[in-house]
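Got your viewer ready? Open the model, switch to a cartoon view, and let's take a walk through it.

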Amino acid sequence: MRISAPVFAVLVLVLSAVPADAIVGGREAPAVPWVVALADRAGTVFCGGALIDRDRVVTAAHCTIERTAVTKRDRRPEELTALVGRADLDGGDGHAVAVRAVWRHPDFTDVAAGHDVATLTLAEPVPVRPVRVADTGPARATVYGWGRTGELKAPSRRLRQVEVPIRADAECAAEVPGYRPEGMVCAGYPEGGKDACEGDSGGPLIVDGALVGVVSFGRGCARPDQPGVYTRLSRYLDLI
Ligand code: 4AZ
């Protein structure tokens with residue numbers, strides 16, 4: 001069937017509006033020196049993080065606990081490796097560093113209750129400039145990670161990024177049960193399509209080059225009216 005140019009143009013527009021694969025809806029990221037992948041003893045990357053000091057990584061508290069359907073146990077420092085600046089998990093860029101200590105917020109119980117923040121002290125400092133931590137209001141933000149590219153899709157072997165708008169606290173409170181503005185920020189489009197997803201947890205949310213949050217939780221990924229929830233790091237500056 002022949003279609004007219006205007007009809008073709010409309011078709012292209014409609015089809016390109018469908019979210020592409022990504023973190024969810026994003027694209028491959030360039031190498032970012034201070035972005036961290038956390039690997040377990042088997043070499044499996046299970047969370048992200050960010051270098052906030054030459055020997056310290058901030059991540060999510062829930063990344064320091066290994067959960068299966070029936071068990072739950074603390075991840076020990078000696079079973080963790082921080083891959084600093086290794087955008088391609090199958091390559092050798094950046095630095096693979098052992099972890100010497102794990103600190104988890106003492107009031108953390110589960111993600112929905114907040115305080116989802118932890119730090120890892122590295123066995124040795126890395127020659128990388130850390131990222132600065134800042135507070136944020138509504139702004140355009142970027143989130144990075146190796147997580148699933150859709151709720152039912154596989155995680156990525158290459159670092160991905162996506163831009164999401166940080167929403168006003170009143171909007172977050174209306175959409176996220178138990179939302180706590182002091183310790184959380186939420187981000188995402190009302191129509192969904194772009195988000196962090198499972199495996200991105202602990203990874204950085206960046207505004208104007210500064211770290212403002214870490215990926216914490218959400219209901220599904222990139223769903224309409226279900227913003228991603230991030231730990232508001234400015235609340236925890238005295239602890240991290
Ligand atoms: C998770 O399971 C997860 N859409 C992290 C972030 C989001 C959802 C789930 C945000 O680790």
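We start with the whole chain and then step in to the ligand.

Before you click, note that this is a predicted model, in which local features need pLDDT of at least 70, side-chain atom pairs count only at pLDDT 80 or more, and totals for chains, interfaces and linings use all residues. Residues are numbered from 1 along each chain as its sequence is written, and side-chain values use heavy atoms, with hydrogens and water left out.

**Stop 1: the whole chain.** Color by secondary structure and you'll find two helices and 15 strands (DSSP runs: H or I of at least four residues for helices, E of at least two for strands). The radius of gyration, taken over C-alpha atoms, is 18 Å, close to the 18 Å that the globule rule (2.2 Å times the number of residues to the power 0.38) gives for 240 residues, so the chain is as compact as a globular protein of that length. Turn the C-alpha trace around: along its principal axes it spans about 65 × 40 × 40 Å.

**Stop 2: the ligand's shell.** Now select the ligand and everything with a heavy atom within 4 Å of it. Among the residues around the ligand are Ala196, Cys197, Val215, Phe217 and Gly220. The shell divides into five nonpolar, three polar and two charged residues, with Gly counted as polar and Cys as nonpolar.

**Stop 3: polar contacts.** Look for N or O pairs within 3.5 Å. Which residue puts a polar side-chain atom 2.7 Å from a ligand nitrogen? That's Asp195. Ala196 uses a backbone N or O atom, 2.9 Å from a ligand nitrogen. On Ser201, a side-chain N or O atom lies 2.7 Å from a ligand oxygen.

Key:
Polar contact = N/O pair within 3.5 Å; in protein donor to acceptor, adjacent residues only side chain to side chain.
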